[in-house]
Amino acid sequence: MQRKIRMALTKGRIEKAIIPMLEKAGYGCEGLKDKGRKLIIPTDGGEFEVVFAKAADVITYVETGACDIGIVGKDTIMENGSSFYEMADLGIGRCRMVLAAPKDANFFDGYAARTVASKYPKIAADYFARKQMDVKVLKIEGSVELGPVLGITDAIVDLVETGKTLAENGLEVVETVCEVSTRLIVNIASLKLHKSSIEEIVDRLNAAREDK
Ligand code: PRP
């Protein structure tokens, strides 16, 4: 018997934002909301099953075909891969990737070697390469604001949503690197094999966008 369509869903903020959207699209989510420690759960109507995963793992599961569909931030896509179809911008999880530095630091002034902290070394390196600037990127796994606060980097490249974390740590936006939102991605072979089932899910989620 063929397995159900499988969706890899980024745990945390994206999970919280997508569940009301799935409900608005007509998919029962009681099981997803009350998942306990289970990692694979079907929608209440059994239309597809959901795998809860960390952001970068969503990409891995979709690229390998372990999951047919992925719900993941554009930041993770830019940092980790592109061997899949990006089929929809879901309009949730909106934030910005920015270069931020201590207030009044004038990051772009002078010729001294600079270092930035980031959870996104590829995005940061690509950004400075576009500017033809030789900047060292130090990979930090979380709370990258600590880089400049502890004095080990000049700035950070990180996500900003409300701006509260920057403000509370004496940092300010120097420049926006790119806009970020949650995307729906699809495994390349899955789209051929399960075209109508996948397109139905994409269409129903597109129609459930808050801004439509
Ligand atoms: C993200 C990001 C910032 C913060 C920005 O971190 O890395 O630190 O949110 O949000 P704000 O502009 O609304 O203050 P997250 O909370 O996901 O935790 P992490 O740093 O451990 O990844």
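Five residue pairs are in polar contact between domain 1 and domain 2 of this predicted model, both residues of each pair at pLDDT 80 or more. One salt bridge is also counted between the two domains. Helix α4 (residues 74-80) supplies three residues to the side of domain 1 that touches domain 2, the largest share. The residues on that side divide into one nonpolar, two polar and three charged.

The domain division itself is discontinuous in sequence numbering. Domain 1 takes in residues 6-93 and 181-210, while domain 2 covers residues 95-179. The domain centres, taken over C-alpha atoms, are separated by 30 Å. At the boundary, six residues of domain 1 are in contact with ten residues of domain 2.

The size of an interface is often given as the accessible area lost when the parts come together. For this pair of domains, the buried area is about 700 Å². Carbon and sulfur atoms account for 50% of that area. Three residues dominate the domain 1 contribution: D75, M78 and E79 supply 72% of the area that domain 1 buries against domain 2. No other three residues supply as much.

Side chains of opposite charge can pair when their charged atoms come close. By the rule applied here, the model holds 15 salt bridges. One of them joins the side chains of E86 and R183, with an N to O distance of 2.7 Å. This pair links distant parts of the chain, as its residues stand 97 apart. E86 belongs to strand β5 (residues 85-89), and R183 belongs to strand β11 (residues 182-186). Both strands fall within the bounds of domain 1. A further salt bridge is formed by the side chains of R13 and E161, at 2.4 Å from N to O. R13 lies in the domain 1 range and E161 in the domain 2 range.

The ligand is surrounded by 13 residues. The closest are K119, E145, D158, T162 and T165. These five residues carry numbers within domain 2. Side-chain and backbone atoms both approach ligand oxygen atoms. In K119, an N or O atom of the side chain is 2.4 Å from an oxygen atom of the ligand. In T165, a polar side-chain atom lies 2.4 Å from a ligand oxygen atom. E161 contributes through its backbone, where an N or O atom lies 2.8 Å from an oxygen atom of the ligand. E161 thus has its side chain in the salt bridge with R13 and a backbone atom beside the ligand.

Key:
Residues numbered from 1 in each chain as written. Predicted model: local features only at pLDDT ≥ 70, side-chain atom pairs only at ≥ 80, totals over all residues. Heavy atoms only, no water. Domains from an automatic or database assignment. Contact = heavy atoms within 4.5 Å. Buried area = accessible area lost by both parts, 1.4 Å probe. Salt bridge = Lys/Arg side-chain N within 4 Å of Asp/Glu carboxyl O. Polar contact = N/O pair within 3.5 Å; in protein donor to acceptor, adjacent residues only side chain to side chain. Helix = DSSP H or I, 4+ residues; strand = E, 2+ residues; numbered from the N terminus. Nonpolar A, V, L, I, M, F, W, Y, C, P; charged D, E, K, R; others polar. Near = heavy atom within 4 Å.
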